[in-house]
Amino acid sequence: MAKTLTRSEASSSGFGVDAEAAKRLLSEMLLIRRFEEKAAEAYALGKIGGFLHLYIGEEAVAVGATSVLRPDDYAISAYREHGHCLAKGSDPKRMMAELFGRRDGLSKGKGGSMHLFDRTTNFLGGHAIVGAHLPIAVGVGFAIKYRGGDQVIVCYFGDGAVPEGEFHESMNLAALWKLPVIFLCENNRYAMGTSVERALAQTEIWKFGQTYGIPAERVDGMDVLAVRDVVSRAVARTRQQKVPALIEADTYRYRGHSMRDPAGAVYRTKEEVEREKLRDPIVLFRDKILTAGLLSEADIRAAEKDVSDRIDEAVAYADASPEPPGEWLFTDIYKEA
Amino acid sequence: MAVMTYREALNMALREEMRRDPNVFVIGEEVGLYEGAYKVTQGLLKEFGPQRIVDTPIAESGFTGVGIGAAMVGLRPVVEMMTFNFALLALDQIVNSAAKINYMSGGQFNVPIVIRGPGGPAAQLAAQHSQSMETYFYHVPGLKVVRPTTPADAKGLLKSSIRDDNPVIFIEAETLYNVKGEVPEDPDFLIPLGQAIVRREGTDVTVIAYMGMMYRAMEAAEELEKEGISVELVDPRTLRPMDTETIIKSVRKTHRVVVVEAGAGFAGMGSEIAASVTEQAFDDLDAPVERVTGANAPMPYARNLEKLKTPSKDRIVAAIRRVCNANGS
């Protein structure tokens, strides 16, 4: 069983991607960051209600992982899923409209921030009961194998799901039945306000892979190339051998658990947050690209402008989309004939 | 038509649907090698192999979630709960995932899953293994809930459930597996979900019951016939969606209603039916709706106490007499 502790292996072994790919990775991370910043603004204006969990700081995980997937591969996530959904290729306009609770949202405004789904990109949600989507991911892996397909499913979850029974049931079933499921744990160190040290007897989450005989690795989740490298190897192995994988991405969220926890400062220190910002995945990757001479400052500014325009468009689209009609309360409870 | 047991009728339904549609598979504890804790899946492993008859470890939440995930991408799982008491371990998957994914996704992902197994009072299995579980499920929009009383219904309703594009909770009964009845052998024999049936025509009182309580109510009806009380028996068969139309039609004919249910009565099916009848046919009633329900207590083990817990024929007879005399008729 592979169980190497991989930290920034890709970056130490040269760049590994060309200028075009580097630009794409940077743009996608910027797109997520900008989407989240605008969502936070809209929340403050009362245009988005309920819970809003921002992904700011964790962008390298979704972007690095999705960059090595095929369009027909599946992804599934929990409630901090805007980044995963965007990375998988969803239209930011329809996502923002969903957050606004409008009829042109991905789920017709019925799902909201925590329940983004997109059949056109094989993005399977958007699940907000911690741990519950892990068995569902195993079921998708089961279906892939049942049909003799060679897709994989990437299942994103947080460190908060690890103490749940469903994490362990899922790891066991996927390993027992040799299913093409890549469990990608985004360890941002806090389940809401509970640190991993206060939640887990085994804080090195990747080591649970050994327990279940699942190849497992840990990766620097703030390094998009390292994530890309580790997920790429896991995907290749999973596709070929139909075995699951467990990857623990060491990451950090800069914002609170949700917008109702704006500072996130009760359970962690300001100094810690500031220290973690020194390894901001976007800043690091930007610097790396510039140092390597892959892109110029002007190229990057253009990418930033382009992303900013796309998100402004998304907000305008969401603003313009009408509320769902009253009769939609009763549609989609059961499959419409 | 062939005479077979309820168990054999279920087995036949599974076999026919698996032959008809390669996307149908069975998953659960002891469904394969052991051939089912109650032998409903007998012989299926031999015919369909381990890819389609999938034995699981004891992990109800896990394997129910597996079914839901597989259903989201187009398979048609039949998840067996060894008994429905164990479905509580998967209640989150059923209520928060299976029932809501179609709605939360704005209709993008439906979940065509059947979750089936025995439930309801059994013989001296005590508090954790002998309870009516349907109440936990029929409250939830997005689920359909089926309780088949006869072997023919078991077959026709299970086949419809498997072909349905939505999550269906299909609760059988340990006490009915050996009941025999005529069952159509036609592989296209289906009973639509959401359709009640009048099991016995009568003119004086409508008795609504299902599963074991229907058989007990039938005995009560036969006894009362000798006294000149004509009982109409309605079996809802599907509890959600409920065919209130058939119930109300019967009430408008008889003007008296008794609902019998095995579960503890509080917030039970009897309450729901009584409310519907009151809302829709109050002026047709000649007497208040009576409920005969299980005692408001957990299921005890001791044989005498167990008998007290579940509605007896005598209690059903007494309730029918009460409503029939209520108006002095």
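These questions and answers cover a sheet in chain B and a nonpolar core of a predicted model. Local features need pLDDT of at least 70 and side-chain atom pairs 80 or more, while totals for chains, interfaces and linings use all residues. Residues are numbered from 1 along each chain as its sequence is written, and chains are lettered from A and ligands numbered from 1 in the order written.

Colleague: Which strands of chain B stand at the edges of the sheet?
Modeller: Strands are DSSP runs of E, at least two residues, and helices runs of H or I, at least four, numbered from the N terminus. Two strands pair if DSSP finds at least two bridges between them. The open, mixed sheet runs 9-11-10-13-14. One side of each edge strand lacks a neighbour because each has a single partner: strand 9 (197–200) and strand 14 (290–294).

Colleague: In strand 11 of chain B, what is the bridge partner of V205(B)?
Modeller: Strand 10 (205–208) and strand 11 (231–235) of chain B pair in the parallel sense, over four bridges. The partner of V205(B) is V231(B).

Colleague: Which domains of chain B give residues to the largest nonpolar core?
Modeller: Such a core joins buried Ala, Val, Leu, Ile, Met, Phe, Trp, Tyr and Cys through C-beta atoms within 7 Å; buried means 20 or more other C-beta atoms within 10 Å, with C-beta atoms placed from the backbone. This one has 200 residues, with V140(A) and V207(B) among those touching the most other members. Helix 2 (19–44) of chain A gives the largest share, 10 residues. Domain bounds come from an automatic or database assignment, and the core lies between the two contributors because both give residues: domain 1 (2–183) and domain 2 (197–325).

Conventions:
A residue is buried if 20 or more other C-beta atoms lie within 10 Å of its own, exposed if 12 or fewer, and partly exposed in between; C-beta atoms are placed from the backbone.
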